[in-house]
Amino acid sequence: MPLVAIVGRPNTGKSTLFNRLAGSKKALVDDIPGVTRDLHYARVSFDGREFDLVDTGGMAMHVEDELIERVVEAVEFAIEEADAIIFLLDSRSGMTPDDQDIAERLRKTDKKVFYVANKVESAKQEEAAVEFYALGMEELYFISAREKYGVTALFEKVVEDFPKVEDDEYLSDSQRTRIAVVGKPNVGKSSLINRLIGSERLIVSDIPGTTRDAIDIPFEYEGNPYLLIDTAGIRRKAKVTYRLEKYSVIKALKSLDRCHVALALVDATEGFSDQTLRVTSYAIERGRAVIWLFNKIDLIEDIRAWQKNIAEQIDFRLRHLNYIPSLEISAKTGKGIHRIFPLIERVAAAHNRRLDTGPLNRLIERATSSHTPPIIKNRQLKFYYTAQSAVRPPTFVIFTNYPDAVHFSYSRFLTRTIRESADFTGVPIKLKFKKRS
């Protein structure tokens, strides 16, 4: 699949152009320079051709900062991987030393580079943008990503050498097991994904909050297709005061809506924090399969005492979540990483499991016979018929004479009965009670 990278200094409108082409608000857009720091991918169809589009962080070549250096490294990765590069320039602020340095860097690549003056929304601005010809390109494109002016003409040139593909030639995201990596800031989410995909595609830093976008990464492991979603760390609401960070939390929660399996990362040195359990509850409320990954296990000195403490917490404090499997891993050393994908396959299969109606009804009948439903309004609460209505998550409709009178404790009993009948590891089960017509 051809790859097109959008590069440039901060705040030239790269994310706005990315969103325009991706047809969504996938990339964060803000007036603050440096909003995009990771590489952000989207599959784009244009003029009968398909390609991957990558949004990159702003290259600030004259700023000495550790995080900026990592951004530049990520952009260099995108340049090396790309088949075509869009060098986006800001016609409003004019040419800068950073523009000149980036142009010098791009002259060293053998990739096709399109020099594009953005934010051109009048003839006067187009006239002013002519100064960019001093960078030495043969052709300069004038666009307004915000107003869509010139974007179609630009991409007609970008994709003209790309092959046309059949609709079913490439695997769509809907056919992939979608995995969201969620957790508190600085728990090691990007480090884990870098370990899984075997590259430094995502920026890893000790600075909390390095990842602010939700990053999609198509990926295959042993022939099985996946989509990995790296998310910004989810903090407690009281600590989310910065406007951009609020957007990041929304992105992280939306990634839970899009995934099938949530890898909830837990800092092994901290154990189950309230925020970890909130993240878990967010995933369960959205019907997602969940796996707890205890990261940084290499920092635990007395592993047996630690395991005993975690087991006690699950037995006494988190018994209602004891169906969630867990692994002890270290994204830094690679310990336990090889066990993640087999477990993902198991819970993904459970998430998509469907029970036959006949055995299901016999199961519920045996359960209600051994554990008699309560009396409601001097009449016996009865369950007539059960059917599975959906998967992802497994959802069951139970027809009864008093649907509003089913106590949560009895509902939990029926849920546990269904869970014990098949392998529903890591998967929330939903029951819906309806009155028989």
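Which helices each supply at least two residues of the lining of the second largest pocket? Keep that question in mind as we walk through this structure, which is a predicted model.

The answer is α8, covering residues 274–285, together with α12. Of these, α12 deserves a closer look, since the largest share of the pocket's lining, seven residues, comes from α12. The second largest pocket has a volume of about 590 Å³, and 17 residues line it. If you would like to find its centre in the model, look for H320, Y323, R412, T415 and R419, which are the lining residues nearest to that point. The character of the lining is mixed: six of its residues are nonpolar, five are polar and six are charged.

Now let us stay with α12 and turn to a helix that packs against it. Helix α12 runs from residue 408 to 421, and its partner, α11, spans residues 357–370. Their axes lie 10 Å apart and make an angle of about 130°. How should we describe that arrangement? Angles over 145 degrees would count as roughly antiparallel and those from 65 to 115 as roughly perpendicular, so α11 and α12 are oblique to each other. The crossing of α11 past α12 is right-handed.

Which residues make this contact? On the α11 side they are L360, L363, I364, A367 and T368, and they meet Y410, F413, L414, T417, I418 and S421 of α12. Sorted by character, the residues of this contact comprise eight nonpolar and three polar ones, with no charged residue. The lining of the second largest pocket, by comparison, includes six charged residues.

Finally, two loops hold details of the backbone that are worth a visit. In the loop between β15 (383–390) and β16 (395–400) you will find P393. A cis peptide bond joins R392 to this proline, with omega about 5°. The other loop connects β8 (215–221) and β9 (224–230), and E222 lies in it. What is notable about the backbone of E222? Its phi is near 50°, a positive value in a residue other than glycine.

Terms used
Residues are numbered from 1 along each chain as its sequence is written. This is a predicted model: local features need pLDDT of at least 70, side-chain atom pairs count only at pLDDT 80 or more; totals for chains, interfaces and linings use all residues. Side-chain values use heavy atoms; hydrogens and water are left out. Axes are lines fitted to C-alpha atoms, for helices over the stretch in contact, and angles run from 0 to 180 degrees between N-to-C directions. Helices (H or I, at least four residues) and strands (E, at least two) are DSSP runs, numbered from the N terminus. Angles under 35 degrees count as roughly parallel, over 145 as roughly antiparallel, 65 to 115 as roughly perpendicular and the rest as oblique. A crossing is left-handed if the near helix is turned anticlockwise from the far one by less than a right angle, and right-handed if clockwise. Contact means heavy atoms within 4.5 Å. Ala, Val, Leu, Ile, Met, Phe, Trp, Tyr, Cys and Pro count as nonpolar, Asp, Glu, Lys and Arg as charged, and the others, Gly among them, as polar. On a 1 Å grid over the protein atoms alone, a cavity is a set of points where a 1.4 Å probe fits but cannot get out, and a pocket is an open set with protein on both sides within 12 Å along at least five of seven lines; lining residues have an atom within 4 Å of a point. Grid points are joined across faces, edges and corners, and a volume is the space filled by probe spheres set on the points.
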